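Here are a few notes on one helix pair and one internal cavity, for you to check against the coordinates as you read.

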Amino acid sequence: MVLPAGGRLSREQLQHAQPTESEKEIYNQVNVVLKDAEGILEDLQSYRGAGHEIREAIQHPNDEKLQEKAWGAVVPLVGKLKKFYEFSQRLEAGLRGLLGALTSTPYSPTQHLEREQALAKQFAEILHFTLRFDELKMTNPAIQNDFSYYRRTLSRMRINNVPAEGENEVNNELANRMSLFYAEATPMLKTLSDATTKFVSENKNLPIENTTDCLSTMASVCRVMLETPEYRSRFTNEETVSFCLRVMVGVIILYDHVHPVGAFAKTSKIDMKGCIKVLKDQPPNSVEGLLNALRYTTKHLNDETTSKQIKSMLQ
């Protein structure tokens, strides 16, 4: 596979990539979604949960005041969780639009990534957001505790015919879908993996290589930028490094879900040893979440076709 000449997909250049006339429609649709991404991350980062109120209510089941206090604390939090979940649906729609544009014939994936740098940048931004969201979610057990408490309390209220403010916020059907979403260790990645898999199965007329080559090309660009001193020295800050690392891991995971034999097989177009080495060369505390994403959210890591060396690198 030939990389874009001279590492032309550097983030510095991608950052300033302007959409061409043909990209504008998809670009503008995705831009509306990405504008809200930072706010979603800030909300998630400041999410403290209602652990204290819930514990008090459970320990004193007959104290009406404590029950009301816990419910009052949980309802607005569930409103936030609903907002995060709905954002995942918008992100999925954006991703599908980008996949359609970046895999269409007659261009090769590399040509697409060079021609449509503004869309390639948005694709990278979606992956960057996704990995950041899931890293924050993984370290916040309050999310599932709050939601479980909300559902238990709601069903008890229904049984007792107590009108529940907050039920209008999240009805039973939506609560079921949200419950499945938050039960995942990495819910946003799962949403995107499912969306990519669905995109491939719905576009039977499109060779699967159009999608997998697009993903493997992006993985290679990120790896080369990170492991080549000449490119690495151009990075103006550490945030660019973590951006490239997250995008690299994100496209590996999508590739592994979509490709019939996955990212770890010998025939894979992703240099997995090189990618894992790049991750291992970073300060350990900065990449543990990304290594865990490769360990636990890929599909083919434990296949017999995965070499012992790759498995031991990820142990």
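1. Start with H13 (residues 238–258) and H14 (residues 272–280): these two helices pack at an angle of about 145°, and their axes lie 11 Å apart. Keep in mind that this is a predicted model. As for handedness, H13 and H14 make a left-handed crossing.

2. Who touches whom here? On the H13 side the contact residues are Leu245, Met248, Val249 and Ile252, and they meet Met272, Cys275, Val278 and Leu279 of H14. Sorted by class, that contact comes out as 8 nonpolar residues, with no polar and no charged ones. If you want to look at it on screen, showing those side chains from both helices will do.

3. Now to the cavities. Searching the whole structure for cavities of 30 Å³ or more turns up 2 of them. I looked at the second largest, whose volume is about 30 Å³.

4. What lines this second largest cavity? The residues are Leu131, Asp134, Glu135, Met138, Thr186, Leu189, Gly289 and Ala293. Helix H7 (117–138) and helix H15 (284–297) each contribute at least two residues to that lining, and H7 gives the most, with 4 residues.

5. How does the lining of the second largest cavity divide by class? There are 4 nonpolar, 2 polar and 2 charged residues. Set beside this, the contact of H13 with H14 has no polar and no charged residues. Asp134 and Glu135 are among the residues lining the cavity, so have a look at those when you go through the model.

Methods: Residues are numbered from 1 along each chain as its sequence is written. This is a predicted model: local features need pLDDT of at least 70, side-chain atom pairs count only at pLDDT 80 or more; totals for chains, interfaces and linings use all residues. Side-chain values use heavy atoms; hydrogens and water are left out. Axes are lines fitted to C-alpha atoms, for helices over the stretch in contact, and angles run from 0 to 180 degrees between N-to-C directions. A crossing is left-handed if the near helix is turned anticlockwise from the far one by less than a right angle, and right-handed if clockwise. Contact means heavy atoms within 4.5 Å. Ala, Val, Leu, Ile, Met, Phe, Trp, Tyr, Cys and Pro count as nonpolar, Asp, Glu, Lys and Arg as charged, and the others, Gly among them, as polar. On a 1 Å grid over the protein atoms alone, a cavity is a set of points where a 1.4 Å probe fits but cannot get out, and a pocket is an open set with protein on both sides within 12 Å along at least five of seven lines; lining residues have an atom within 4 Å of a point. Grid points are joined across faces, edges and corners, and a volume is the space filled by probe spheres set on the points.
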